[in-house]
There are 2 protein chains.
Amino acid sequence: MDRVKKLSSKLQAQGQKMTKQRRAILEVLSASDKPLTAEEIFLLVRERKENTSLTTVYRNLKKLFAAGLITREGFHDDKAQFQLLSDCHCHNLICLNCRKVVKIDECPLSSFAKTVGEREGFTITEHRMELYGYCSDCLQRAKKE
Amino acid sequence: MDRVKKLSSKLQAQGQKMTKQRRAILEVLSASDKPLTAEEIFLLVRERKENTSLTTVYRNLKKLFAAGLITREGFHDDKAQFQLLSDCHCHNLICLNCRKVVKIDECPLSSFAKTVGEREGFTITEHRMELYGYCSDCLQRAKKE
DNA sequence: TTTCTTGCAAAAAATTTGCAATTAA
DNA sequence: TTAATTGCAAATTTTTTGCAAGAAA
């Protein structure tokens with residue numbers, strides 16, 4: 001659980017306390033290979049026999065987001081979904097069927113972003129990129145049906 | 001308003017009817033240079049003296065999304081935001097302060113996506129990329145303050 | 001006509017807030 | 001000790017649904 005420790009100190013560096021509930025959220029997110037909704041996180045924390053409430057989960061997700069530790073999106077579904085921001089700069093390849101997430105280490109965007117920023121007069125601070133498609137498992141299953 | 005017509009026929013091709021309310025939503029989205037929430041769309045449609053209700057806006061956004069005409073995201077804010085899917089394959093550069101959106105025509109990702117897909121055993125059907133930063137106006141204003 | 005769509009009111013779901021009690025630093 | 005955090009209950013906000021009336025093909 002080295003990763004959770006790193007995140008903890010990042011939080012504490014911002015003057016926030018590390019509580020059982022917070023650690024549990026980070027651990028749940030860290031153990032998940034796909035983005036989770038607030039409610040899913042709440043249930044997973046409970047499964048680990050940690051006390052918490054949905055309210056607390058919401059409040060903490062908000063803080064974690066503001067602190068830049070997690071990502072928030074609602075692209076392919078109705079509810080907001082949260083995910084740890086990986087320490088490496090990397091991107092995701094996401095299966096539209098099973099929502100499996102594969103990390104991609106390469107990033108072809110850094111130089112591209114620089115060029116575009118200069119041309120448009122922007123100071124570019126971040127970017128976001130995801131690839132979507134179907135993983136081999138889901139494709140095979142689809143063929144059999 | 002050629003763009004709206006194109007979108008209309010795409011909808012009708014799927015067996016849906018073209019109503020005043022639907023056209024108004026498409027026009028509002030088409031005229032906007034940034035993603036809008038359901039409520040903003042509702043208010044803008046009303047400003048155009050078209051009858052509608054929030055319910056109708058929600059129902060139509062859902063259909064438009066399912067039909068692949070619009071995008072939905074909740075990345076930098078709390079509410080879901082909607083935007084027309086541009087007919088050209090292009091990406092956005094978004095100012096984190098004023099939310100201005102600049103279209104970028106180039107896309108360095110097609111060949112990248114293909115390579116990664118083959119390596120990971122995915123059939124990649126779409127991708128998503130956005131650049132975020134601060135536009136020159138916002139930067140200058142920030143300096144003056 | 002026939003089927004899809006609208007708008008209202010009401011319901012359900014998601015998210016936030018007030019406040020007293022608890023806990024980490 | 002003290003400032004941040006929790007959990008409950010209640011409030012708010014966002015989104016969805018049932019149903020009768022209205023509009024498009």
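Tutor: Let us begin with a polar contact, which is a pair of N or O atoms within 3.5 Å; within protein, one of the two must be able to donate a hydrogen and the other to accept it, and residues adjacent in sequence count only if both atoms are side-chain atoms. This is a predicted model, in which local features need pLDDT of at least 70 and side-chain atom pairs count only at pLDDT 80 or more, while totals for chains, interfaces and linings use all residues. Residues are numbered from 1 along each chain as its sequence is written, chains are lettered from A and ligands numbered from 1 in the order in which they are written, and side-chain values use heavy atoms, with hydrogens and water left out.

Student: Which phosphate contacts does chain B make with DNA strand C, and at what distances?

Tutor: A side-chain N or O atom of Arg22(B) is 2.5 Å from a phosphate oxygen of DNA strand C, a polar side-chain atom of Thr19(B) lies 2.9 Å from a phosphate oxygen of that strand, and for Gln16(B) the distance is 3.3 Å. The elements that give two or more residues to the surface near DNA strand C are H4 of chain A together with helix H2 (20–31) and H4 of chain B; helices here are DSSP runs (H or I, at least four residues) and strands likewise (E, at least two), numbered from the N terminus.

Student: Which residues come nearest to DNA strand C?

Tutor: A residue is near a strand if one of its heavy atoms lies within 4 Å of it. Of the 25 residues around DNA strand C, Tyr58(A), Lys79(A), Lys17(B), Arg22(B) and Lys63(B) come nearest. Of the strand's atoms within 4 Å of the protein, 67% belong to sugar and phosphate.

Student: What does the surface near DNA strand D look like by residue class?

Tutor: It has four nonpolar, 11 polar and 10 charged residues, where Ala, Val, Leu, Ile, Met, Phe, Trp, Tyr, Cys and Pro count as nonpolar, Asp, Glu, Lys and Arg as charged, and the others, Gly among them, as polar. Thr56(A) has a side-chain N or O atom 2.8 Å from a phosphate oxygen of DNA strand D, whereas a side-chain N or O atom of Lys17(B) is 3.1 Å from a base nitrogen of that strand.

Student: How should I read helix H4(B), and where do its buried residues fall?

Tutor: An α-helix has 3.6 residues a turn, so residues three or four places apart point the same way. In H4(B), the buried residues (under 20% relative accessible area; exposed is over 50%, partly exposed in between, with a 1.4 Å probe and protein chains only) are Val57(B), Asn60(B), Leu61(B) and Leu64(B). Seen down the helix axis, they fall within an arc of 105 degrees, so they line one face of H4(B); the arc is that of the directions from the axis to the C-beta atoms. The face turned away from this buried side carries the exposed residues Arg59(B), Lys62(B) and Ala66(B), and Gly68(B), with a positive phi near 80 degrees, follows the helix.

Student: What is unusual about the phi of Lys49(A), and where does the residue lie?

Tutor: Most residues other than glycine have a negative phi. Lys49(A), although not a glycine, has a positive phi of about 65 degrees, and it is found in the loop between helix H3 (38–47) and helix H4 (54–66) of chain A. Lys49(A) is exposed, with a relative accessible area of 75%. In chain B, Lys49(B) also has a positive phi of about 65 degrees.
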